[in-house]
Amino acid sequence: MTNIKKEYPLVIIGTGPAGLTASIYASRYRVDNLIIGQAMGGLVFEAHKICNFPSEKEVTGRELTEKMQDHAQSLGASILIDQVTKIRKEKNGFTISTGLGHDILAKTLLLAIGTKHRKLELPNEDRFLGKGISYCATCDAMFYQDKTVAVIGGSDSAHTASLYLSEIAKHVYQIYRGEKMRGEVAWIQQLLENDKIEVIYNTQVTEVKGKDKLEGIVLDNSHNGQKEISIHGLFIEIGTIPRTDLAKELDLDLDQAGYIKVEGDQRASEKGIWAAGDITTNSNGFRQIVNASSEGAVAAESIFKYLQTLK
């Protein structure tokens, strides 16, 4: 395990593309930095296939995360796999407390804490988690070899989940409340040409049913009313919501949806704090890996300039 020091000029919270890229740039500015996160890669790690990241014609989320992690560590970054439990403002920075008992002083702080999966908020949803309900096709698809599954959603994350599941499952329903799919045209075309995927439009899931595990779902179609279908697995891909706990604890300005408001240089509303990636209001709300990396790079440059003023 990497030796963790008591103090760093920069502590980055978040191990996804924004945090890892910020670390790469900070290290090249000779800013000693520590990255803290509960799991490498964040939601990107779950991606089955990424085809729009420059230089990578096709790469899994795991592979891209490992490349970014290796790059960051090769430049001297320290990575702590741990949960941040509390952040206290100090006269000369911030004290970050973790679940493993670390107390680390940071002169500056970068929040790259990303988002988490949005839930349907249906009765039994939590009860069937891991028993037929999943938020990660990459993680759980292999449990549904030659079985019938459904994916809820109409954007790229749902499309790629359906396409991946079609390689494993017998049949895939993709259920979307709208009339027309959203996202990259390339994914939509592959989806509609796949004989194992059946798209159901104008429909919402209103109930998940089963005894000890998921056995079926109730669909409510805006034109044809309700019906029940039998499935073995349900993959929920209806978007994400920001992780707000740390931002609220630090009294940062948030928009109505809970995203951290930042300036063009990724500076947040409190002195000494920056934010980057999917958690922020920047990049025109276009939450892509390349944009998260870009925001991380911009934040690192801004932090470097700020630290220079403290000397």
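Strands S9 and S10 pair in the parallel sense, and five bridges join them; in this pairing, Val 149 has Val 172 of S10 as its bridge partner. Between the two strands the chain passes through helix H4, and this β-α-β crossover is right-handed. The model described here is a predicted one, and the secondary structure of the protein comes to seven helices and 17 strands. The points below begin with strand S9 and its surroundings, then move to other parts of the chain and end with the protein as a whole.

**Strand S9 and its partners**

- All five residues of S9, which covers residues 148–152, are buried, so the strand is largely enclosed by the rest of the structure.
- The covering applies to both faces of S9, with Thr 148, Ala 150 and Ile 152 buried on one side and Val 149 and Val 151 buried on the other.
- Besides S10, strand S9 pairs with strand S15 (residues 233–236), again in the parallel sense, and this pairing has four bridges.
- Within the pairing of S9 and S15, the residue of S15 that serves as bridge partner of Ile 152 is Ile 236.

**Helix H4**

- Of the 11 residues of H4, 10 are buried, so this helix is largely enclosed by the rest of the structure.
- The buried residues of H4 include the alanines Ala 158 and Ala 161, together with Leu 163, Tyr 164 and Leu 165, and also Asp 156 and His 159.
- These buried residues pack against several elements, namely helix H3 (137–140), strands S9, S10, S11 and S15, and helix H5.

**Helix H5**

- In helix H5, which covers residues 185–192, the buried residues are Trp 187, Ile 188 and Leu 191.
- When H5 is viewed down its axis, these buried residues fall within an arc of 100°, so they line one face of the helix.
- As a general background to such a pattern, an α-helix has 3.6 residues a turn, so residues three or four places apart point the same way.
- The cover over the buried residues of H5 includes helix H4 (156–166), strand S10 (171–175) and strand S11 (197–200).

**The loop before S9**

- Phe 143 lies in the loop between H3 and S9, and this residue is exposed, with a relative accessible area of 60%.
- From Phe 143 to Gly 132 the separation is 11 residues in sequence, while the distance in space is 9.2 Å from C-alpha to C-alpha.

**Strand S1 and its neighbours**

- Strand S1, made of residues 7–13, is mostly covered, since five of its seven residues are buried.
- S1 pairs with strand S6 (residues 103–111) in the parallel sense over six bridges, and in this pairing Leu 109 of S6 is the bridge partner of Val 11.
- S1 also pairs with strand S2 (residues 33–37), in the parallel sense and over four bridges, with Ile 13 standing opposite Ile 36 in S2.
- Together with helix H1 (residues 17–28), strands S1 and S2 make a right-handed β-α-β unit.

**The sheet of S12, S13 and S14**

- Three strands form an open sheet in the order S12-S13-S14, and their pairing is antiparallel.
- Strand S12 (203–210) and strand S14 (225–230) stand at the edges of this sheet and have a single partner strand each, so one side of each is left without a neighbour in the sheet.
- From one strand to the next, the twist in this sheet averages 25°.
- Strand S13, which covers residues 214–221, is joined to S14 by six bridges, and the two strands run antiparallel; here Asn 221 stands opposite Gly 225 in S14.

**The protein as a whole**

- The radius of gyration of the protein is 21 Å, which is close to the 19 Å that the globule rule gives for 311 residues, so the protein is as compact as a globular protein of that length.
- The C-alpha trace spans about 70 × 40 × 35 Å along the principal axes of the protein.
- Among the 311 residues of the protein, 50% count as buried.
- Of the contacts in the protein with a separation of 6 or more, 57% are accounted for by residues 24 or more positions apart.

Definitions and conventions: Residues numbered from 1 in each chain as written. Predicted model: local features only at pLDDT ≥ 70, side-chain atom pairs only at ≥ 80, totals over all residues. Heavy atoms only, no water. Buried < 20%, exposed > 50% of the residue type's maximum accessible area, 1.4 Å probe, protein only. Arc of directions from axis to C-beta. Contact = heavy atoms within 4.5 Å. Pairing = 2+ DSSP bridges. Axes fitted to C-alpha atoms, helices over the stretch in contact; angles between N-to-C directions. Right-handed = clockwise from strand over helix to strand, strands pointing away. Rg over C-alpha atoms; globule rule 2.2 N^0.38 Å.
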